[in-house]
Amino acid sequence: MPILPIIFLGLLQGITEFLPISSSAHLILAPYLLNFESQGLVIDVFLHIGTLLAVIIYFRRDVFEYIRSIPKLLDKTASDETKDLKLLIVATLPIAIVGGIIFLTGLTSLLRNLQVIGFATIFFALLLYFVDFRKDTSFRLSNLNLKKILIIGCSQVLAIIPGTSRAGIIYTTCRFYKTSRIEAAKFSMLLSIPTILLSTSIPLIEIAKNGSFELTINAMVAMSVAFIVAMLSINFLLKWVASHTMLPFVIYRIILGSIILFLAI
């Protein structure tokens, strides 16, 4: 695959992974709209590894504290970091179970069509708008009980549908429970760490088994570009939600979804 499409895909993944606009939809649409061959599994995995490294490094202090808190998970008098780690674990369970089943059965391929992407892009944009367009609060996720955290995790399963946006649906559900915009955005990013780790682990094992080393350079380029752009994207979004709503992203999604449905006719 030529290097320019690889760089473009890295830019696309870095921008869209943490914004509520669906990276999977954009990665599926890019080869179709720009008339280049599909990037394939190897590039796709390394694009996600790039954004994974970005969120780990950006939130390195939180991640370090979570790692330190692992031995204290069963303590009754847990620290705030330990409580937050428990929230991440509980919220990850649904996608680990349901996502694993769907991946192993190959049902994801049935969802990769323009009509599904178009409808999902518009529907979940409207849902985001109605939930987010309310007065911001200072409500923290740690104030939620485990049942609500589990529901937030269950909502992430919907992101298997291209066009939904993993970051977007987590943000939407957190806002439904009246958490602050910054808290919701940060949780959607931190929750991506175990989610991306799970989603890339099986393909990485297969890549290692098959010895797909001919794509090493392209994979490294894709990962590097996605990493750099994702760092900027994370920083941008956290600053944006501090004083703005998600309205621009909602408008973008409605326009994009309408174009996709038009192309699907």
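**Entry 1: the largest pocket**

How much space lies in the largest pocket? I began there, keeping in mind that this is a predicted model. I found about 1,200 Å³ of space in the largest pocket.

Next I looked up the walls. The largest pocket has a lining of 39 residues. Those nearest its centre are Asp44, His48, Phe103, Thr108 and Ser199, so I put these five labels on my screen first.

I then sorted the lining by element. Helices H2 (23–34), H3 (40–58), H5 (80–105), H8 and H10 (192–210) each give two or more residues. H10 has the largest share, with eight residues. By class, I noted 18 nonpolar, 16 polar and five charged residues in this lining.

**Entry 2: the second largest pocket**

I moved on to the second largest pocket, which has a volume of about 280 Å³. What lines the second largest pocket? I wrote down Val63, Tyr66, Ile67, Ile70 and Leu73, then Leu85, Leu88, Ile89 and Thr92, and finally Leu190, Ile193 and Pro194.

Helix H4 (60–69), H5 and H10 each supply at least two of these residues. Here the largest share, four residues, belongs to H5. The class count is 11 nonpolar, one polar and no charged.

**Entry 3: a cavity**

How many cavities of 30 Å³ or more does a search of the whole structure find? The search gave me one. The largest cavity holds about 30 Å³ of space.

I listed its lining as Phe18, Pro20, Ala167, Gly168, Tyr171, Ala185, Ser188, Leu237 and Met246. H8 and helix H9 (181–190) each bring at least two residues to it, and H8 gives the largest share, three residues. I counted no charged residues in this lining, with seven nonpolar and two polar.

**Entry 4: H7 against H8**

I turned to helix pairs. Two packed helices are described by the angle between their axes and the distance between the axes, so I noted both values each time.

H7 (residues 146–156) and H8 (residues 166–176) have axes that come within 8 Å and cross at roughly 150°. That angle makes H7 roughly antiparallel to H8. The crossing of H7 past H8 is right-handed.

From H7, the contact uses Ile151, Ile152, Ser155 and Gln156. From H8, it uses Arg166, Ile169, Ile170, Thr173 and Cys174. I sorted the contact residues into five nonpolar, three polar and one charged.

**Entry 5: Ile160, in the loop**

While I was there, I checked Ile160, which lies in the loop between H7 and H8. What is Ile160 in contact with, leaving aside its neighbours within four places in sequence? I found Ile95, Gly99, Ile102, Thr108 and Leu111. Thr108 had already come up in my notes, as one of the residues nearest the centre of the largest pocket.

I also looked up the pair Ile160 and Leu107. They are 53 residues apart in sequence, and their C-alpha atoms are 9.9 Å apart in space.

**Entry 6: H2 against H12**

H2 also lends residues to the largest pocket, and I wanted to see it beside H12 (residues 247–264). The two pack at an angle of about 50°, and their axes are 13 Å apart. H2 and H12 are therefore oblique to each other. The crossing of H2 past H12 is left-handed.

On the H2 side I marked His26, Leu29, Tyr32 and Leu33, which meet Tyr252, Leu256, Ile260 and Leu263 in H12. By class, this contact has seven nonpolar residues, one polar and no charged.

**Entry 7: H1 against H11**

Are H1 and H11 roughly parallel or oblique to each other? Helix H1 (residues 3–16) and helix H11 (residues 216–241) pack at an angle of about 30°, with 7 Å between their axes. They are therefore roughly parallel to each other. I noted the crossing of this pair as right-handed.

From H1, I listed Ile3, Ile6, Ile7, Gly10, Leu11, Gln13, Gly14 and Ile15. They meet Asn218, Val221, Ala222, Val225, Ala226, Val229, Ala230 and Ser233 in H11. My class count for the contact reads 11 nonpolar, five polar and no charged.

Definitions and conventions:
Residues are numbered from 1 along each chain as its sequence is written. This is a predicted model: local features need pLDDT of at least 70, side-chain atom pairs count only at pLDDT 80 or more; totals for chains, interfaces and linings use all residues. Side-chain values use heavy atoms; hydrogens and water are left out. Axes are lines fitted to C-alpha atoms, for helices over the stretch in contact, and angles run from 0 to 180 degrees between N-to-C directions. Angles under 35 degrees count as roughly parallel, over 145 as roughly antiparallel, 65 to 115 as roughly perpendicular and the rest as oblique. A crossing is left-handed if the near helix is turned anticlockwise from the far one by less than a right angle, and right-handed if clockwise. Contact means heavy atoms within 4.5 Å. Ala, Val, Leu, Ile, Met, Phe, Trp, Tyr, Cys and Pro count as nonpolar, Asp, Glu, Lys and Arg as charged, and the others, Gly among them, as polar. On a 1 Å grid over the protein atoms alone, a cavity is a set of points where a 1.4 Å probe fits but cannot get out, and a pocket is an open set with protein on both sides within 12 Å along at least five of seven lines; lining residues have an atom within 4 Å of a point. Grid points are joined across faces, edges and corners, and a volume is the space filled by probe spheres set on the points.
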